[in-house]
Amino acid sequence: MEKYRIKFILFFILALSLACFSNINKAYALRVSPGAFCAQNVEVGQDTDTGIDLAIDNETDQEREFSIKVVPARTSKTDSLKGYSALPELGWLRLERTQLIVPAKGQAKARLYISIPNEEKYFNQHWVVSCLIEYVGQKGLFQEAILTRYMFETRPKSEVVERPYGDLGVSPSVVKITEDSVEAKQKFSFKLYNNTASAHTYTIKTFVPMAEPKKLSINATPGLTWMKKTSWIRPEVKKIELAPGALEEINLSARVPKSELAGDKGVESLIFVDSDTGERRFVRIQVE
Amino acid sequence: MKKLLCTLIILGMVFWLGVSTAQAAVSDTFQITVTCNFISINLRNNGDTLDYTTWAIGQKAENTATTMTQAEGIKVVNTANVATDLSAWVSGQAADWTNAASAGTDQYKLEMKCFDVTQVSPDLSIGTFTITSTANPGNDIKAGLAATTNQFAYAKFTTPDPTTSGAQQTITVTILSATAT
């Protein structure tokens with residue numbers, strides 16, 4: 001390509017901008033709520049109204065139009081938020097409207113619906129997906145956008161006819177333990193599935209999310225608190241290799257102090273299953 | 001029960017609009033825990049008197065780097081109530097140029113860097129993030145920004161070398177706020 005010889009003729013202006021903004025000290029130009037939530041016991045085979053409205057607030061003096069797109073979530077970097085895999089089909093999360101006109105200093109909303117196909121393999125799943133909220137058209141040279149994070153846990157089911165969806169599966173995704181069965185020193189278990197055509201090694205450990213203040217983490221099930229010690233739930237194996245297509249029952253023992261279960265109290269911990277591929281699933285262990 | 005300050009629990013919300021076709025019995029109720037009430041972001045001028053509008057770089061030679069001055073900087077006002085990550089991408093591309101990892105033929109280089117406080121002389125000679133992306137999720141420019149903490153972002157623009165166009169070019173950059181992961 002011929003070298004461009006005439007220098008100093010580039011007239012580069014990073015320009016534009018729509019308007020004057022007379023208001024000062026605005027708290028925000030774009031606010032989206034909720035920023036993150038976790039829905040548990042999402043039914044399979046139903047169109048579920050989450051009861052949640054994605055709300056966009058516009059504190060500027062001008063009407064603004066925004067688009068809402070369902071997009072894959074960003075990959076988690078911290079242990080306290082890992083274990084959710086991508087929603088298999090983005091279309092399963094549906095918005096009442098995907099374009100909102102928000103009046104000046106006003107708010108607009110769109111209801112969220114989740115619809116999981118009626119297939120046995122979709123029980124016991126932990127999925128994450130995001131909504132991207134952007135301006136329609138250009139607002140300025142630099143413009144704001146927001147990415148939410150929504151987690152969906154499908155209903156747990158012990159006896160499944162079909163293997164769970166994904167390369168690595170668990171069933172049930174929630175193990176419920178009663179105080180009496182803890183006292184009786186009963187064993188508990190969940191099944192681990194290698195749904196790939198290769199052998200894989202899985203590491204199994206108890207985990208209690210300990211997020212830093214004001215950072216997202218996997219939430220405890222409403223009504224339960226995280227266990228104070230991971231040693232209260234012990235998997236019998238810490239590492240296991242599964243042949244292609246194999247499944248294995250993983251036994252657990254529970255030793256929860258009686259004082260932690262007094263009255264209506266209940267506690268919860270997670271069992272993390274990490275594949276040598278880097279994939280992770282978790283099982284909620286609930287003692288009430 | 002210990003929870004994040006921002007956590008709002010909505011218990012016992014059962015909304016079944018659709019007709020049950022798969023399961024005869026539902027033993028557990030549908031529950032939603034809101035773990036982050038809201039995310040908000042506002043791009044303001046350095047003095048926080050107006051929303052950010054324009055960075056007019058002006059007439060530049062090929063392969064020339066221009067860094068924002070203090071007055072040209074962007075105040076990123078963050079009132080999210082959980083930690084967030086900031087990323088950026090070129091959402092409106094120039095007519096004749098594209099963004100790239102380094103300046104080249106009709107390719108410009110856009111770098112950004114965030115600071116905790118406004119910079120009298122923004123130093124973008126090191127520690128910058130190059131914006132090569134043109135779509136979500138973009139390139140990270142600040143990870144783990146604490147809740148309700150602002151940032152001052154500055155950009156550095158290097159013109160193509162060479163260019164086949166001497167016409168004025170305009171781009172739009174989207175700055176994304178997402179819950180820190």
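**Exercise 1. Determine how far apart the C-alpha centres of domain 1 and domain 2 of chain A lie, and describe the contact between these domains.**

Solution. In this predicted model, a distance of 28 Å separates the C-alpha centres of domain 1 of chain A and domain 2 of chain A. The contact involves 12 residues from domain 1 of chain A and 17 residues from domain 2 of chain A.

Next, consider the side of domain 1 of chain A that touches domain 2 of chain A. At least two residues of this side come from each of β3 (36–42) and β12 (149–154) of chain A. The greatest contribution is that of β3(A), with 3 residues. Sorted by class, this side of domain 1 of chain A holds 3 nonpolar, 5 polar and 4 charged residues.

The bounds complete the step: the domain assignment places domain 1 of chain A at 31–154 and domain 2 at 168–287.

**Exercise 2. State how many helices and strands chain A has, and what percentage of its residues count as buried.**

Solution. Begin with the elements: chain A contains 1 helix and 22 strands. Then turn to burial: 44% of the 288 residues of chain A count as buried. Finally, take the contacts in chain A with a separation of 6 or more; 74% of them join residues 24 or more positions apart.

**Exercise 3. Identify the residues that touch the most other members of the largest nonpolar core, and trace where this core draws its residues.**

Solution. The largest nonpolar core has 116 residues, and A39(A), I133(A) and I146(A) touch the most other members. Strand β10 of chain A, residues 126–135, gives the most to this core, namely 7 residues. Domain 1 (31–154) and domain 2 (168–287) of chain A each provide at least three residues of this core.

As a closer view, examine I133(A). Apart from neighbours within four places in sequence, I133(A) is in contact with V32(A), I56(A), F66(A), I68(A), A145(A) and I146(A). As general background, nonpolar side chains tend to be buried together in soluble globular proteins.

**Exercise 4. Is K265(A) buried, partly exposed or exposed? Locate this residue in the chain as well.**

Solution. First, the location: K265(A) sits in the loop between β20 (247–254) and β21 (267–275) of chain A. Second, the count: K265(A) has 15 C-beta neighbours inside 10 Å. Third, the cut-offs: a residue is buried at 20 or more and exposed at 12 or fewer. K265(A) therefore counts as partly exposed, because 15 lies in between.

Lastly, compare positions: K265(A) and G106(A) are 159 residues apart in sequence, and their C-alpha atoms are 42 Å apart in space.

Notes
Residues numbered from 1 in each chain as written. Chains lettered and ligands numbered in written order. Predicted model: local features only at pLDDT ≥ 70, side-chain atom pairs only at ≥ 80, totals over all residues. Domains from an automatic or database assignment. Contact = placed C-beta atoms within 7 Å. Helix = DSSP H or I, 4+ residues; strand = E, 2+ residues; numbered from the N terminus. Nonpolar A, V, L, I, M, F, W, Y, C, P; charged D, E, K, R; others polar. Core = buried A, V, L, I, M, F, W, Y, C linked by C-beta atoms within 7 Å.
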